[in-house]
Amino acid sequence: MASIIQTLISSRLFTSRHPSPSTFPLYNPPLPSNSKLCEDTLAVGNATDTADSVPEPADPLIQYVVLRRDLIDTWPLGSIVSQGCHASVAAISTFKDDPFTLDYCSPNNLNFMRKVTVEVKGEAQMLNLSEKLKSNGIDHKLWIEQPENFPTCIATKPYPKSIVSSFFKKLKLCK
């Protein structure tokens, strides 16, 4: 698997398969008349197309985030969201020089990031998934919450969907 990925990276197939977001039509939702949103939070541009008309890349870059269902059922929502954020940022930072991560975080792609958040039942399933990813050469961060010292979340580095989705297809989307 690693040699396939290296071959694809070196041939630059992935960078050419992702359309430049600068060519996408932008969607500017109408603001309520009493809105206090800053203009900075809005998309820039004057396109009238809706988000549904934005073309889907052939093989989009995706970061998978895996949360533990047992914690979702017992921890406050904010704490669970923080765990996913910690793992996501740690994965991006750990693999910051990787070509997929560079493409995912490039200025042209910042507004087009894709994440899929799925869940596992508990700690044992999370550790098994981490080992499976590791043995298949899928770079990821297993977030270990401190001071408790137990795993709470996994986040992959960004990958083309075709490379990584098969490892997560049996997991439920987090709801």
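Biologist: Let me start with two rings I clicked on: are Phe100 and Tyr159 buried or exposed?

Modeller: Both of them, Phe100 and Tyr159, are buried. Keep in mind that this is a predicted model.

Biologist: How do I read two aromatic rings as a pair, and how many aromatic pairs are there?

Modeller: Here's the general idea: you describe a pair of aromatic rings by the distance of the centres and the angle of the planes. In this structure the count comes to three aromatic pairs. One of them is Tyr64 with Phe168, which is stacked, with 4.3 Å centre to centre and 5° between the planes. Tyr64 sits in strand 1 (residues 61-68), while Phe168 is in the loop between helix 7 (161-164) and strand 6 (172-173), so this pair ties together parts that are 104 residues apart in sequence.

Biologist: And how much of Tyr64 is left accessible?

Modeller: Tyr64 has a relative accessible area of 6%, so it is buried. Phe168 is buried as well, at 3%.

Biologist: Back to my rings, then. What kind of pair do Phe100 and Tyr159 make?

Modeller: Their centres are 6.1 Å apart and the planes sit at 50°, so that pair is tilted. Phe100 belongs to helix 5 (residues 99-104) and Tyr159 to strand 5 (residues 159-160), so parts 59 residues apart in sequence get tied together.

Biologist: Now strands. Which residues of strand 1 point one way, and which the other way?

Modeller: The general idea first: in a regular strand the side chains alternate between the two faces of the sheet. Along strand 1, Leu61, Gln63, Val65 and Leu67 point one way, and Ile62, Tyr64, Val66 and Arg68 point the other way. All of these are buried, and that's eight of the eight residues in strand 1.

Biologist: Which way do strand 1 and strand 2 run, and how many bridges join them?

Modeller: Strand 1 and strand 2 (residues 115-120) run parallel, joined by six bridges. To find one by eye, look at Leu67, whose bridge partner in strand 2 is Glu119. Strand 4 (residues 150-156) is antiparallel to strand 1, with three bridges between them, and there you'll see Val65 opposite Ala155. Strand 5 is also antiparallel to strand 1, through two bridges, and Leu61 stands opposite its Pro160.

Biologist: What about a helix: how far should helix 4 span?

Modeller: You work from the rise of 1.5 Å a residue. Helix 4 (residues 77-94) has 18 residues and should span 26 Å, and its end C-alpha atoms are 26 Å apart, so the two agree.

Biologist: Which residues of helix 4 are buried?

Modeller: Ile80, Gln83, Gly84, Ala87, Ser88, Ala90, Ala91 and Ile92. The buried residues of helix 4 pack against several elements, including strand 1, helix 3 (69-72) and helix 5. Strands 2, 3 (140-145) and 4 are among their partners too.

Biologist: Last one: how many disulfides does a search of the whole structure find?

Modeller: Zero. To judge a cysteine, you check whether another cysteine sulfur lies within 2.5 Å. For Cys85, the closest cysteine sulfur is in Cys153, 8.9 Å away, which is too far for a bond. Cys174 is in no disulfide either, with the sulfur of Cys153 as its nearest at 9.4 Å.

Biologist: Why do Cys85 and Cys174 count as partly exposed?

Modeller: Because of their relative accessible areas: Cys85 comes out at 43%, and Cys174 at 25%. Partly exposed covers the range between the cut-offs of 20% and 50%.

Key:
Residues numbered from 1 in each chain as written. Predicted model: local features only at pLDDT ≥ 70, side-chain atom pairs only at ≥ 80, totals over all residues. Heavy atoms only, no water. Phe/Tyr/Trp six-rings, centres within 6.5 Å; stacked < 30°, edge-to-face > 60°. Helix = DSSP H or I, 4+ residues; strand = E, 2+ residues; numbered from the N terminus. Buried < 20%, exposed > 50% of the residue type's maximum accessible area, 1.4 Å probe, protein only. Pairing = 2+ DSSP bridges. Expected span 1.5 Å × (residues − 1). Contact = heavy atoms within 4.5 Å.
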